[in-house]
Amino acid sequence: MIKRTLPVSSVLIVVKDERSIASTLNALQSQIQELHSECIVVDASGTRLEDIKNANPWVRWIQFNQPVGANSTISAQRNMAVREARSDILLFCDAGGVPSQGWMLEMFNPLFNGEFSLVGGPLEFFNGDVDLGKRNFQNRGEQLKYPSCGNIGFTRAAYEESVGFNEKILVAEDDDFFRQLEKVGILSACIPSAVMRIDVGDRKRRIKRAWRYGRGIVKLLTAHQDLVMKRLRQNPDIWLYPILIPSYALAGVRALLVSPHLLAIPIIISSLIIFKNRNSPQPIFEHCGHFIYGLGSLWELLQRRMPKINQIPILQYPNDESLYIKLLIYSLNTKSLMCREFFSLTKSSTLNLLLTPFLTPVLKVLGVKIINIHWIVGKWQLKWASNFWGRQLLWYWFLFWINSLKIFQIRMIYTVHDVLFHSKVFNDDRKTQKYMMDKADALVFLNELSKERILESLPKKTFDLIPEGPLKIETAICKTEMRQRLGVPESKILLVLVGRLEAYKGVDLLLQAATMMPNNFAIRVAGVCQGSYLRELESLANDARKYGADIDLLPRVLTDQEFAAYLNCADYFIYPCRDVNNSGSLNAALTAYLPVIVPDRPELAWVFPECKVVMRELDDLSYDFKECFTRIQNISDSNYQQLKIGTQKWASERSWKMVSQQYEALYREVLNG
C-alpha cells in the first residue's frame, strides 16, 4: 500500500492550443478540491492560453518551451508533468476531456489501495452534439485494449519502472509507455466506472490527428516489433489503407491510359468498407480519415528510407552565394540548429525555378519545418521572362510555390531586406511584397524604419527586429598592392563604390559628378552591371575621363578577395543612393573600418553619425557633390581618425551571436505557434 502524501494525487494535463481545456478544468475543480489533490497543466502554447490560466489560479501552470525543430513535444510535456507532481498517485487526462462524476475517486482508490499500479477508463468521443465512438468499455480489471493518456492513472513506483514517455516518437507515447510496463510485469487494468468524454475537435483537427497517428504507429511498431502482429490483427486499418493508397493510384493511372471502367474497382472497394462501417456516426468521413492515416504511415516509411540528411529543420532562401546568408547559417549551426541554404538541383536557373514547388513535399520528408526567405530579386528574374507575359507567368509559378509551402505546413519567415524591390521582379512588385508579408508566418526587419512602415498595415503580424551582423571579408591583397593595381597613388584620396551596380544606388549620379572632383581625388567603381544601365555608366565614365577625371569602371563579378581589397585600399566608400533600406556593401565597408559618404536619409539612420560624411540633397533629386568633395578635401587627419573610430564602434556593436540568438527565438516562436 502506498504511503499517503499531500497532495493526495496529481491530475496532469498537457496542452498546446486546445482552448477546450477550460471545460476540462471546470469539470475537475470540485473533484480535485474534494480529494485535496493538485492539478498541473504543462502548456506549450506560449501565451495564447493566458486568459484561461488567469481564470484558474488553483492550477499549477507550467510553461514549456518547444525546442527548434521538434515535431511534437507531448511526451516531453508528460515527463515534465510527472517530475513536477508532488504526489505518488498520478492521473492523466487530455485537454478537452470531461470526466464523469466521481472519476478521480474511481481512479484513485485502486491505486491508493495497491490493487493495481496502472489503470485506465472508458473513452467516449464527441464533437459538439455528435457522438463519435467509444473505446475501452470492458470488465473491471481487464487489460485495456486501447491504451490512452486521455484517461489513465499510475503510481510513481510504476512510472519509475519505465524510462518514461518516449520522446523520440511523434505520437503513440501512451501505447509505448504501457508496453514498457507490460515488459516488467505491470499490466493495465480497466476501471469501467471512470468514464472520460473527450472532445476530439472539428474535422480539420481530426484529419491532422489522423496524419500524426499514421506516422506514430510506424514509430511505435518499429520500437516494439513484438507488438506488430498483435496490432495488425487488432486494427486492420494499419495495413489495409497503406495497401489501398498505391493500389487506388495505380487504378487511376490505368483508368486514364487504358479504360475509365477500371475506376469501378476502387469505388466498389470503398463502398464495401463504408457499408461495413455504416453504423459509425460519420462512415464516409471516417473512411477518408483512414486514407490520411495510411498516407501518414507511408510518409513515415518513406522518410526512414531517405538519406540521413533528413534532419534539416531550417532552410535559408535563396542559394546565391550571399555572404549574409552564409554567415547567418554558420552562426545558427554553431547552436546546433541544422540550417543550410535552399537546394539548387541544377545549373539552370529556369529548371531550378520549375522544380522549386515540386521540391516542397520532398523537403517535408527531409524534415524541413521553416524556409526563411530573404529576397527573390535575382532568382526570379530570368532573361526570357523580362517582358510582361514572362513576368506574369513567373508570378503564377511563384504563387504555386508559396501555396505549396502552406499545403505541406512548412512555415515561411520573410526577412525584409528592402521595403521595395530595387529592380523589377514581377509586373506588380508592391503587390508581391504585400503578398509575401501577408503569407509569412513571421517577419524580420533589419532596421526600425522598415518595421514602423510595414507594421502600420500588419499590426498583428509576428515579427522581430534583427539588425545585420558585421559582414567581414578577408583579403590577402595589401593596400599598397591594390592601389598599384588600380593605378591610384597614395597621395590621392580614393573613393570606391563596389557591389551590384544598379540605378537605385545612384552610380550614374556619381559618374556625372566626377568632373567636379578635385585633381587629388580618384573614383573606382566595380561590380556586376548589365543591360542599358551598363551602357549608360560606360558613356558617363568616358565623358568624365575626357574632362581629366581619374575614374575607372569595372563591370564584372568581384571575388571576395577583390571586394575586400577595394575596401581595404580606399579612403571612403561613397554611396549616393536614390532609394535604400539596407545595404550589404555599406555594412561590409563599415565592418572594414572604412568611413562612408552617404545622403542624409532616414533609411540610413542605422549608420552612426560618427562614421559617415553626409551629402546634402538638392532639389533636383541629386546631391551637392562639389560641396561634399570640398569638405572631404579639408578634413584634418584627426577628424578622419575620428571617423575611423566611429566605424570601429559601429562594428563592435554588431554580433552574429546576437543575430543567431534572436533568429533562434523567432524560429521557436513560429514553430510553437
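**Two buried acidic residues in a predicted model**

Asp571 lies in the loop that connects helix 20 (560-569) to strand 21 (572-574). The model is a predicted one, and the position of Asp571 within it can be described through its accessibility and its contacts. Asp571 counts as buried because its relative accessibility is 14%, below the 20% limit for that class. Its side chain forms a polar contact of 2.7 Å with the side chain of Arg483. The side chain of Asp571 also reaches a backbone atom, the nitrogen of Leu494, at 2.7 Å. When neighbours within four places in sequence are set aside, the residues in contact with Asp571 are Arg483, Lys492, Ile493, Leu494, Leu594, Pro595 and Tyr640. The partner of the side-chain polar contact, Arg483, and the residue that supplies the backbone nitrogen, Leu494, thus both appear among these contacts.

A second acidic residue, Glu173, is located in helix 6, which spans residues 173-183. Glu173 is classed as buried because its relative accessible area is 4%, again under the limit of 20%. The side chains of Glu173 and Arg78 are joined by a polar contact of 2.9 Å. With residues up to four places away in sequence not counted, Glu173 touches Ile74, Ser75, Arg78, Cys149, Phe165 and Asn166.

These two sites belong to a protein of 673 residues, 54% of which count as buried. The protein contains 24 helices and 23 strands. Along the principal axes, its C-alpha atoms fill a box of roughly 100 × 70 × 40 Å. Of the contacts with a separation of 6 or more, 74% are accounted for by residues 24 or more positions apart. The exposed surface amounts to about 31,300 Å², and carbon and sulfur atoms supply 55% of this area. The protein carries 80 positive and 69 negative charges, and the mean positions of the two sets are 5 Å apart.

Confidence in the prediction was also considered. The average pLDDT of the protein is 87, and 95% of the residues score at least 70. At the start of the chain, residues 1-5 have pLDDT under 50 throughout, although the model has 12 contacts for this segment beyond four places in sequence. Predicted coordinates should not be read in detail where pLDDT is low.

Definitions and conventions
Residues numbered from 1 in each chain as written. Heavy atoms only, no water. Helix = DSSP H or I, 4+ residues; strand = E, 2+ residues; numbered from the N terminus. Buried < 20%, exposed > 50% of the residue type's maximum accessible area, 1.4 Å probe, protein only. Contact = heavy atoms within 4.5 Å. Areas by Shrake-Rupley, 256 points an atom, 1.4 Å probe, with all protein chains shown as cover. Lys, Arg positive; Asp, Glu negative; His and termini not counted. Charge placed at Lys NZ, Arg CZ, Asp CG, Glu CD. Polar contact = N/O pair within 3.5 Å; in protein donor to acceptor, adjacent residues only side chain to side chain. pLDDT = per-residue confidence, 0-100.
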